[in-house]
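Please look over the chain shown here before reading on. The report is meant for someone who has not met this structure before.

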Amino acid sequence: TAVGFGMDPDLQIDIITELDLVNTTLGVTQVSGLHNASKAFLFQDTEREIHAAPHVSEKLIQLFRNKSEFTFLATLQQKASTSGVILSIRELEHSYFELESSGLRDEVRFHYRFNGKTRTEVFPYRLADGQWHKLAVSLSASHLLLHVDCNRIYERVIDPPETNLTPESNLWLGQRNRKHGFFKGVIQDVKVIFIPNGYITQCPNLNRTCPTCSDFLSLVQGIMDLQELLAKMTAKLNYAETRLSQLEDCHCEKTCQVNGLIYRDKDSWVEDDHCRNCTCKSGAVECRRMSCPPLECPPDALPVHVEGQCCKVCRAKCIYGGKVLAEGQRVLTKSCRECRNGVLVKVTETCPPLNCSEKDHVLPENQCCSVCRGHNFCAEGHRCGENSECKNWNTKATCECKNGYLSVQGDSAYCE
């Protein structure tokens, strides 16, 4: 019935199935119940111990943890004028949940714990009459309902029972413990389910006309949370409005941050590494290559790059064997010579050994030491601008502008 009604099997525990009761279990005998859809057992002998195995107790403890709504269901036929415990969930001498039927006083008793102490609710009603009855006890927070044969018999507000069971808790069926509270009669369809208004699974024709107590408490808590959130948001909004009113009197200026330095709007500076003039414009950095004036060198000089300067300067040239050499260029005569201030000066340096055959030796332009064919001239620190790339050739390295860039004043080391 529960599954057909749409009950999630993970939110219920079938006590008789979980206890694995069979016809050979000591103290009980399988008999015909109110219907044949499930097993029914006659509880008669007092020499019995019908309690859950550790794994079943663990499952029950997990289901009860932090739950505020659950329903105990049972179909039973109690022997007339007898008293006994239908179901007990307890830890040693303390009952977390116990349902007792007294045929001597015609009472249904619900035992539970609140703030570490045992409480009892007594409902005058005669179950021990030898007839079949459907019993449902539902708890929603502090709201307790007792249904018998699909009729609402009692409805009370009680102190909210403790549901965080200890690991030592165990479940007993048809008795309080090994010695007391033995139930006499037939029990069938014993279940604990963890949904609001769980009695509907036993009596699907009953209407749910209003929210449960737990539903109402959840709504109240939700409203309180929203009120707290509204108060926080209002405070933040007031603070933001105060700050905005202060900012309206300020002049906001976008700045530029370059290499850890902050420049104000319209500030200018020189990037020596790339020979560029840069300006901060509304938070964006704009840089342009330095414009070098036209350089007209005298007949005995040539324009060359000098370390630390962005524009070429005139330096005296050298002439050897009809070949014109600029400042810093070398030529191999009987010894290695370099052009310095218009004079060939002997260079005293030893050429490193080469790890290639002599036929693969290559003499680079303006150098005195040979290298192996395929030598990486760019790796020697050949300087090219950020918009140009170094290219290796057989005897030298050159700079070439990247796609979309043109050389500045005919020098491919600097491109725009």
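What follows moves from the chain as a whole to a few single residues.

The model is a predicted one, and its protein chain holds 3 helices and 31 strands. A compact globule of 416 residues would have a radius of gyration near 22 Å, whereas the value for this protein chain is 49 Å. The C-alpha trace, taken along its principal axes, spans about 135 × 70 × 40 Å.

Of the 416 residues in the protein chain, 37% are buried. The accessible surface amounts to about 24700 Å², and carbon and sulfur atoms supply 50% of that surface. When contacts with a separation of 6 or more are considered, 48% of them join residues that lie 24 or more positions apart. The chain carries 47 positive and 52 negative charges, and the mean positions of these two groups are 3 Å apart.

The domain assignment divides the protein chain into domain 1 (12-205), domain 2 (255-289) and domain 3 (294-356). Between domain 2 and domain 3, the C-alpha centres are separated by 36 Å.

Two residues that are not glycines nevertheless have a positive phi, and the table sets out the angle for each.

| Residue | Phi |
|---|---|
| Cys-150 | about 65 degrees |
| Lys-266 | about 75 degrees |

Cys-150 sits in the loop between β10 (143-148) and β11 (151-157), and Lys-266 is found in the loop between β15 (261-263) and β16 (268-271). Cys-150 counts as partly exposed because its relative accessibility is 23%, a class that runs from 20% up to 50%. Lys-266 has a relative accessibility of 68% and therefore counts as exposed, the cut-off for that class being over 50%.

Leu-165 also belongs to a loop, in this case the one between β11 and β12 (170-173). Is Leu-165 buried or exposed? With a relative accessible area of 6%, Leu-165 is buried, since buried means under 20%. Leaving aside residues up to four places away in sequence, Leu-165 touches Ile-61, Phe-64, Arg-65, Ile-89 and Tyr-96. Asn-392 offers another point of reference, for the C-alpha atoms of Leu-165 and Asn-392 are separated by 80 Å, and the two residues are 227 residues apart along the chain.

How values were computed: Residues numbered from 1 in each chain as written. Predicted model: local features only at pLDDT ≥ 70, side-chain atom pairs only at ≥ 80, totals over all residues. Heavy atoms only, no water. Helix = DSSP H or I, 4+ residues; strand = E, 2+ residues; numbered from the N terminus. Rg over C-alpha atoms; globule rule 2.2 N^0.38 Å. Buried < 20%, exposed > 50% of the residue type's maximum accessible area, 1.4 Å probe, protein only. Contact = heavy atoms within 4.5 Å. Areas by Shrake-Rupley, 256 points an atom, 1.4 Å probe, with all protein chains shown as cover. Lys, Arg positive; Asp, Glu negative; His and termini not counted. Charge placed at Lys NZ, Arg CZ, Asp CG, Glu CD. Domains from an automatic or database assignment.
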